[in-house]
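I am opening a notebook page on this structure, and I want to record what I looked up in the order in which I looked it up.

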Amino acid sequence: TSGLDEKTKARIEKHPCYSEEAHHHYARMHVAVAPACNIQCNYCNRKYDCANESRPGVVSELLTPEEAAHKVLVIAGKIPQMTVLGIAGPGDPLANPEKTFRTFELIAEKAPDIKLCLSTNGLMLPDYVDRIKQLNVDHVTITINMVDPEIGAKIYPWVHHRRKRYRGVEGVKILHEKQMEGLQALKEADILCKVNSVMIPGINDEHLAEVDAVIRSKGAFLHNIMPLISAPEHGTHFGLTGQRGPTPKELKALQDKCADSNMKMMRHCRQCRADAVGLLGEDRSQEFTKEKFMEMTPEYNL
Ligand code: CLF
Ligand code: SF4
């Protein structure tokens, strides 16, 4: 995080994903309130959590916004290092705008010192940047796997936009345009933006350096290149076609290559569940299943 101005440093100081140093001391939690999705990624099986932000093959318990707010208050009272609440699935948060924004509203009202974070595939982002700003969401992640729709067509078989389904390159072009517009709009609104990319050998591995350059030029603040996790039993398209993920060495080589041109490369991502709780790398989600947290009284101090 060298080379950042003081104002930005202060904004990321307690965010475990945005600041490498913070992840040892500060915790995040996710609430799984957003089941629907508006695109298909070949590395995703919709029975599980959104693989844009999480390790595939994990199923999170779906909550209503009210249940989610209760959970946040319970956990904020029990884990003092809890600084960030993220919505990252199990589908795309912005394909479920009412549930996502209602949850943010409830939390902003009852726990105003918790920072709000959102992760999205970007398709609906331009529509909602104003609302995101209004709700004081300070951190947004967009998953961007390509800036070339021909490459994107190997990753996304279809995109559903404004009541219509677009297949192949036609759909990917819409997704690409919206992702670029979304980046621009976040920059104009002064919302910190991180980009996640899934590294898929033979498909976008050689292309991600170009993605890195484009997103940085458009104001993304941090780039997180994650490995494709592709096991046949997860039932994803890539899993079934035998697409392999990168080796740790290949991943590191690409991260190093992109870090050369700029310092801000995330390397401590743990590919969290959509209901993750605790420090990164420490999974306390099973202490706070719905059955358990609904029985607990929030001790959070207003
Ligand atoms: Fe969650 Fe994502 Fe916000 Fe972090 S996770 S919505 S930015 S609060 Fe973090 Fe987890 Fe990696 Fe995500 S380690 S999967 S980058
Ligand atoms: Fe799956 Fe997330 Fe892609 Fe939607 S955006 S298909 S939930 S990985």
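**Pockets**

I began with the second largest pocket, whose lining divides into 8 nonpolar, 1 polar and 4 charged residues. The model is a predicted one, and I keep that in mind for every entry below. For this second largest pocket I noted a volume of about 220 Å³. It is lined by 13 residues, and L116, L135, N136, V137 and D138 are the closest to its centre.

I then turned to the largest pocket, which holds about 260 Å³ of space. Its lining is made of 16 residues, with T8, D190, L192, G219 and F221 the closest to the centre. Which elements give two or more residues to this lining? I found α1 (6-12), α6 (168-188) and β8 (192-199), and of the elements it is α1 that gives the most, with 3 residues. By class I wrote down 7 nonpolar, 2 polar and 7 charged residues for the lining of the largest pocket.

**Cavities**

Next I looked for enclosed space, and the count came to 3 cavities of 30 Å³ or more. The largest cavity takes up about 90 Å³, and of the 15 residues that line it, C17, H30, E53, G86 and C117 lie nearest its centre. Two or more residues of that lining come from each of β1 (27-30), β3 (82-87) and β4 (115-120). I sorted the lining of the largest cavity into 7 nonpolar, 5 polar and 3 charged residues.

The second largest cavity has a volume of about 70 Å³. Its lining consists of C17, H30, E53, K194, N224, M266, C269, R270, C272 and L280, and these fall into 5 nonpolar, 2 polar and 3 charged residues. I marked C17, H30 and E53 on my page, since they appear in the lining of the largest cavity and also in that of the second largest cavity.

**Around ligand 2**

What surrounds ligand 2? I listed 13 residues there, and the closest of them are C37, C41, C44, C50 and N52. By class, the shell around ligand 2 has 8 nonpolar, 4 polar and 1 charged residue.

**Nonpolar cores**

I went on to the largest nonpolar core, which has 79 residues, and in which Y43, L85, F104, I132, Y156 and L183 have the most contacts. Helix α2 (residues 65-78) supplies the largest share of this core, with 7 residues. Apart from this core lies another, of 13 residues, including Y18, L192, L222 and A276.

I followed F104 further and, leaving aside its neighbours within four places in sequence, found it in contact with L85, I87, L116, C117, L118, L135 and V137. Among these contacts of F104 are L116, L135 and V137, which I had already met close to the centre of the second largest pocket.

**One residue at the start of the chain**

My last entry concerns L4, which sits in the segment before α1. Is L4 buried or exposed? Its relative accessible area is 11%, and because the cut-off for buried is under 20%, L4 counts as buried. Beyond its neighbours within four places in sequence, L4 is in contact with K9, I12, F221 and K264. I also checked the distance from L4 to S285, and the two are 281 residues apart in sequence and 33 Å apart in space, C-alpha to C-alpha.

Definitions and conventions
Residues are numbered from 1 along each chain as its sequence is written. Chains are lettered from A and ligands numbered from 1 in the order in which they are written. This is a predicted model: local features need pLDDT of at least 70, side-chain atom pairs count only at pLDDT 80 or more; totals for chains, interfaces and linings use all residues. Side-chain values use heavy atoms; hydrogens and water are left out. On a 1 Å grid over the protein atoms alone, a cavity is a set of points where a 1.4 Å probe fits but cannot get out, and a pocket is an open set with protein on both sides within 12 Å along at least five of seven lines; lining residues have an atom within 4 Å of a point. Grid points are joined across faces, edges and corners, and a volume is the space filled by probe spheres set on the points. Helices (H or I, at least four residues) and strands (E, at least two) are DSSP runs, numbered from the N terminus. Ala, Val, Leu, Ile, Met, Phe, Trp, Tyr, Cys and Pro count as nonpolar, Asp, Glu, Lys and Arg as charged, and the others, Gly among them, as polar. A residue is near a molecule or strand if one of its heavy atoms lies within 4 Å of it. A nonpolar core is a set of buried Ala, Val, Leu, Ile, Met, Phe, Trp, Tyr and Cys residues joined through side-chain atoms within 4.5 Å. Buried means under 20% relative accessible area, exposed over 50%, partly exposed in between (1.4 Å probe, protein chains only). Contact means heavy atoms within 4.5 Å.
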